[in-house]
Amino acid sequence: FVFSAYGAFRLTRTLTGSIRAAWVAGILFGFIPYRFNTMAQLVYLNSVWLPLLFEAIYLFVQERTWKRAIWLGSAFLFCGLSSITWLLFSVIPFALIGAILLLRHQLWKDRLFWWRSGVALAGAFLLLLPFTLPYYIVSRMYGFIRRIDDVKAHSASPVHWLVAEGRSKLWRGMGSGI
């Protein structure tokens, strides 16, 4: 909970420069009722790397040093190591945010950007292979395919983020009328 709050705090502080906004975002992201509902799935509680990954790409675009590139690669690596699900969930937004930042800062022709980010992300990808490859092999071997019906049945809808289980003493009763 606290690490997730810390990640959102850092991302918000980096984007806005406001400590107050960072505290609000950190508390909301770290302690939202839905997070308590997923306590039985500990891997999902460790979402600190999602906001840190987005902060890392933003910081790297601002200053394209090796230090920032290493931070970008590390955030990507640890996002994948903490949860394959978080890695998969972050790839598309990561690519979209990267493209938006590239356009905004006109970095399409910046060789330094491509070289350093490429090295950092390729290194992270190679380090993740021993962990992600078995998932792929087993899914092919046993025919694990997620159908859209499975995704719809087991995915949270927006209202789930506002409803707390009765076991939560902090959020007890929140959303009970929904």
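## Who lines the second largest pocket

Helix H5 (49-62), along with H7 and H8, puts at least two residues each into the lining of the second largest pocket. Worth keeping in mind from the start: this is a predicted model.

H8 is the top contributor here, giving five residues to that lining. In all, 13 residues line the second largest pocket, and those nearest its centre are Leu-102, Phe-113, Trp-114, Ser-117 and Leu-121.

## Its volume and chemistry

How much space lies in the second largest pocket? About 170 Å³. As for the character of its lining, the split is 10 nonpolar residues, three polar and no charged.

## The largest pocket

Now for the other one. The largest pocket comes in at a volume of about 1400 Å³. Its lining runs to 39 residues, with Tyr-44, Thr-85, Trp-86, Phe-89 and Arg-146 the closest to the centre.

Which elements give two or more residues to this lining? They are helix H3 (33-37), helix H4 (42-45), helix H6 (66-82), helix H7 (84-105), helix H8 (111-142) and helix H9 (148-154). H8 holds the largest share, with nine residues.

## What the larger lining is made of

Sorted by type, the residues around the largest pocket come out as 24 nonpolar, 12 polar and three charged. The lining of the second largest pocket, for its part, has no charged residues.

H8 is a name to remember in both places: it supplies the largest share of the lining of the largest pocket, and it also gives the most to the lining of the second largest pocket.

Conventions: Residues are numbered from 1 along each chain as its sequence is written. This is a predicted model: local features need pLDDT of at least 70, side-chain atom pairs count only at pLDDT 80 or more; totals for chains, interfaces and linings use all residues. Side-chain values use heavy atoms; hydrogens and water are left out. On a 1 Å grid over the protein atoms alone, a cavity is a set of points where a 1.4 Å probe fits but cannot get out, and a pocket is an open set with protein on both sides within 12 Å along at least five of seven lines; lining residues have an atom within 4 Å of a point. Grid points are joined across faces, edges and corners, and a volume is the space filled by probe spheres set on the points. Helices (H or I, at least four residues) and strands (E, at least two) are DSSP runs, numbered from the N terminus. Ala, Val, Leu, Ile, Met, Phe, Trp, Tyr, Cys and Pro count as nonpolar, Asp, Glu, Lys and Arg as charged, and the others, Gly among them, as polar.
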